[in-house]
Amino acid sequence: MENTKKVDMTVDIAGIRLKNPVMTSSGTCGYGRDYLDIWSPAELGAIMVKAVSIEPRNGNPPPRIAEIPSGVLNSIGLQNPGVRHFIETDLPWLKSIGATVIVNVVGYTADDYAACVELLDETDADMIELNISCPNVAGKPIGADAKATETLTNQIRNITKKPIIIKLSPNVTSITEIALAAEAGGADAVSLINCPMGMRININTRKPMLANITGGMSGPAVFPLALRMVWQTANAVNISVIGGGGIVKWEDAVEMMMAGADAVFIGAGLFYDPASPLKVIEGLEKYCCDNNLSNVNMITDSLITDR
Amino acid sequence: MLDITAKVIENRLLSEKGRIYSLTLDSPELSKDCLPGQFYEIKVGGLDSRFLLRRPFSVAFCDDKTVTIRYNVVGAGTEWMSGITPGQMLDVLGPLGRGWPVDKTKKTLLVGGSTGIFSVLGAASHLGDKSRAVLGFRSCDLVNSVEDFKAFGVPVSIITEDGSSGRKGLVTELVKEELDKNEYDTVFICGSTLMMKSVAELLKDYDVDCYVSIEERMACGVGACMGCVVKIKADNEQGWEYKRACAEGPVFNAAEVIW
């Protein structure tokens, strides 16, 4: 029998219909222009842009990058030109080309987050992702504490009607405790994982490979950790789950969705294969065709745990 | 910027001691719009994703059909590259970054130290006898690529730290002697940070434009990740900003670099 059925690649995340379930993660795709020769943000389910803060930030001193087996260690430190610059230059362009835009927001204090979101609330940004989990800035991140996560989420909930995504840190004892706190605070979705913290040393100089000493790990090295946390989180919350961490190829995305992710993000995988988002979209579609799935969302949570 | 697979036609050992190789790709597409001082990111390790990051290499020279890069073995990634044989396919991203501001109406001094000579060799291939090269190496068994500079019509002077080839000393001495001739409009430098910093310092006393190609640990290579930043003077309150070696660089005006 000839298979003429087309797979419905759209997914609903936090009440918004996306073209497909594939995103590029904050910090790995700039503000959408850097990979234009290979893919356009409009081809993705959504683009999660580099974090913006209320004031511009320098970020950390270099070296900011070190390689690890099957991955990379980074300590960028949230260098960005500030939310106003983003709203004036990058956001209008992203919307004009038809991209769905998730704005990653960061702050030193709850008031910083609030000030950013107030500005973004008046724009046509599609969703807000609160970055409460950056491993590369001083102090304990809000995302390491359930109560602080709930309080911040709730404060931002009262400022905007736009969907709020909380980006979760893996550097916690219980990922589900923080995910549930985000849900209780009024979040529409959680995204995970941000980078687990790591470190490398140059044995000849006896110095850390990163100027900031520690950094965040990403790439295939963290994929099993991310998959486990997505699975636990998806089983705990009722809101949308956006899963990522070490996805390089479409098979990884299928695993992530089977574990419970409604959508996936590709981050450091872009460094290995810049065309990976398009290949993952194509691979997911083919997987659905081959397995007689009419909608890509049928992969989500299709894990069979019975032996 | 292209994201393509290209065939290797040569991977030749240039210096046994330095483990320096010359790798040529058969790719008219990659060579088409490549400017000297730009670079390519090459995927190493084949299908093995143990090496997540591509390795950045400046273009040494191009012709209509081929691109040549040169590298020395410094770690597991370049160790893998040293085993590449002709016919093998490599995933290559590029050309990337902003290269040397080559201008044949300007007399240019090319300053290269150790593996930094490959980036200035790219400039030599465009400038020919409008340029002169001064190259510094640690010792004679690390000296390489000199014949290639000469083949492009570029006169070359060599200095080694131990005096085993050419003069004994540091490349800064040769730079000073050349500049005292008052013949040069522009200087291009690529080498260790220490070397580039001391040459740039020396040049403050001369009326020449000076450009440096800066190497920094790099991930994406296209400007997206902000990993490879360099501190550059800026017209803001603090007087500087971090710029990306892969996007605004790797070539920067030396007067703007904060060393």
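**Strand 15, cover.** I looked up strand 15 of chain A, residues 240-244, in this predicted model. Strand 15 is mostly covered, with 5 of its 5 residues buried. I then checked which way its residues point. A:S240, A:I242 and A:G244 point one way, and A:V241 and A:G243 point the other way. Both sets are buried. In a regular strand, side chains alternate between the two faces of the sheet.

**Strand 15, partners.** I listed the strands joined to strand 15 of chain A. Strand 10 of chain A, residues 189-192, runs parallel to strand 15, and 4 bridges join them. In that pairing I found A:A189 opposite A:S240. Strand 16 of chain A, residues 263-266, also runs parallel to strand 15, here with 3 bridges. A:G244 of strand 15 stands opposite A:F265 of strand 16.

**Connection from strand 15 to strand 16.** I looked for a helix that goes with these two strands. Helix 6 of chain A, residues 250-258, makes a β-α-β unit with strand 15 and strand 16. I noted its hand as right-handed.

**Another sheet.** I turned to an open sheet of 4 strands in chain A, in the order 5-6-14-11, with antiparallel pairing. Its edge strands are strand 5, residues 65-68, and strand 11, residues 197-199, and each pairs on one side only. The twist averages 40 degrees from one strand to the next.

**Strands 5 and 6.** I checked the pairing of strand 5 with strand 6 of chain A, residues 71-74. These strands run antiparallel and are joined by 4 bridges. I noted A:A66 opposite A:L73 of strand 6.

Notes:
Residues numbered from 1 in each chain as written. Chains lettered and ligands numbered in written order. Predicted model: local features only at pLDDT ≥ 70, side-chain atom pairs only at ≥ 80, totals over all residues. Buried ≥ 20, exposed ≤ 12 C-beta atoms within 10 Å, placed from the backbone. Pairing = 2+ DSSP bridges. Right-handed = clockwise from strand over helix to strand, strands pointing away. Axes fitted to C-alpha atoms, helices over the stretch in contact; angles between N-to-C directions.
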